[in-house]
Amino acid sequence: MFCKTRGIVLRAVPYSDKYSIIHIYTEAFGRASYLVSHVRGRKSVVSRALFIPLSVLEMEVEHSLKRDLHRIKETRICFPVNNIGCDPVKNALALFLSEVLFRVIRDTEPDVRLFGYLYESIHLLEYADKGIANFHIVFLLGLLKCLGIFPNVETHEEGSFFDMRDGVFTGHLPLHRHYLNQEESAFFYRLLRVNFENMSLYLFSRQDRMRIIHKILEYYRLHLPDFPEIKSLEILSSLFDE
């Protein structure tokens, strides 16, 4: 039985000479994996060119609970991602964020709120022309809300420490090493107010931006099981020197 759903491409992995496995976060089924043929030309109804990281697709799929690999009958793009595919900066961001999502999203149950957040964020990345240097910071912080692990900002007081392990601000020095000092905590509290609308107002050096990203990923690692090092992070280290 074929069903229609929207999906966001997370990763494409070669499976054999004839097939690739495409990992997609779908609106109807959560995360799912699809077997796609390498056949090109008129016989192919599914173009492999559509499956670049963060492509948003409208798909007709054969989804079976009895199989780990499903089949795509037809697919088309919901909106073009020409800028994400061709702009080197946006492309680097897409590679980084798709790797994070590939590691973070493991649930095979649908999540309407999460899918909506991803859809709107990718649409904004495609068409945004300001504040791109901070896009991944805003995205990662916003994703924490969807995952239910956003820091408790109500615990903040002047001069407090941010306990990364417990996700709270505290007036006492934590008895472990996963915390931000008072100056870092005050900065982090202000950073939690950044969003897609005001991200162009936040100016960081390349070094400061990378420190921020490393701390956010450390927070992910503390709160999500088996969250690995993100290999594509190195690509970002040479970008956004402003």
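Select helix H3 (residues 112-127) in this predicted model. H3 lies across strands E1, E2 and E4, and its direction is at about 65 degrees to E1. To see this, add E4, residues 56-62, and E1, residues 2-14, to the selection.

Next, select helix H2, residues 88-104. H2 also lies across strands, in this case E1, E2 and E3. The angle between H2 and E1 is about 110 degrees.

Now show H2 and H3 together. Two packed helices are described by the angle between their axes and the distance between the axes. For H2 and H3, the axes come within 11 Å and cross at roughly 165 degrees. Angles over 145 degrees count as roughly antiparallel, so H2 is roughly antiparallel to H3. The crossing of H2 past H3 is right-handed.

Turn on the side chains where the two helices touch. On H2, pick Lys-90, Leu-93 and Leu-101. On H3, pick Leu-118, Leu-125, Glu-126 and Tyr-127. What kinds of residue make up the contact of H2 with H3? Five are nonpolar, two are charged and none is polar.

Hide the helices and move to the strands. Five strands form a closed barrel in the order E1-E2-E3-E5-E4, and the pairing is mixed. From one strand to the next, the twist averages 55 degrees.

Follow the barrel pair by pair. Start with E2 (residues 19-26) and E3 (residues 30-37), which run antiparallel and are joined by eight bridges. Select Tyr-25 and look across to E3, where Arg-31 is its bridge partner.

Keep E3 shown and add E5, residues 69-77. Do E3 and E5 pair in the parallel or the antiparallel sense? The pairing is parallel, over three bridges. Here, select Leu-35 and find Arg-71 of E5 opposite.

From E5, go on to E4. E4 and E5 run antiparallel, with six bridges between them. The two strands form a hairpin, and six residues lie between them. Select Glu-60 to find its bridge partner in E5, Glu-74.

Finally, leave the barrel and select Ala-133. This residue sits in the loop between H3 and helix H4 (135-147). Is Ala-133 buried or exposed? The relative accessibility of Ala-133 is 7%, and buried means under 20%, so Ala-133 counts as buried. Add Asp-208, which is 75 residues from Ala-133 along the chain. A distance drawn between the C-alpha atoms of Ala-133 and Asp-208 should read 12 Å.

Conventions. Residues numbered from 1 in each chain as written. Predicted model: local features only at pLDDT ≥ 70, side-chain atom pairs only at ≥ 80, totals over all residues. Heavy atoms only, no water. Axes fitted to C-alpha atoms, helices over the stretch in contact; angles between N-to-C directions. Helix = DSSP H or I, 4+ residues; strand = E, 2+ residues; numbered from the N terminus. Parallel < 35°, antiparallel > 145°, perpendicular 65-115°, else oblique. Left-handed = near helix turned anticlockwise from the far one by under 90°. Contact = heavy atoms within 4.5 Å. Nonpolar A, V, L, I, M, F, W, Y, C, P; charged D, E, K, R; others polar. Pairing = 2+ DSSP bridges. Buried < 20%, exposed > 50% of the residue type's maximum accessible area, 1.4 Å probe, protein only.
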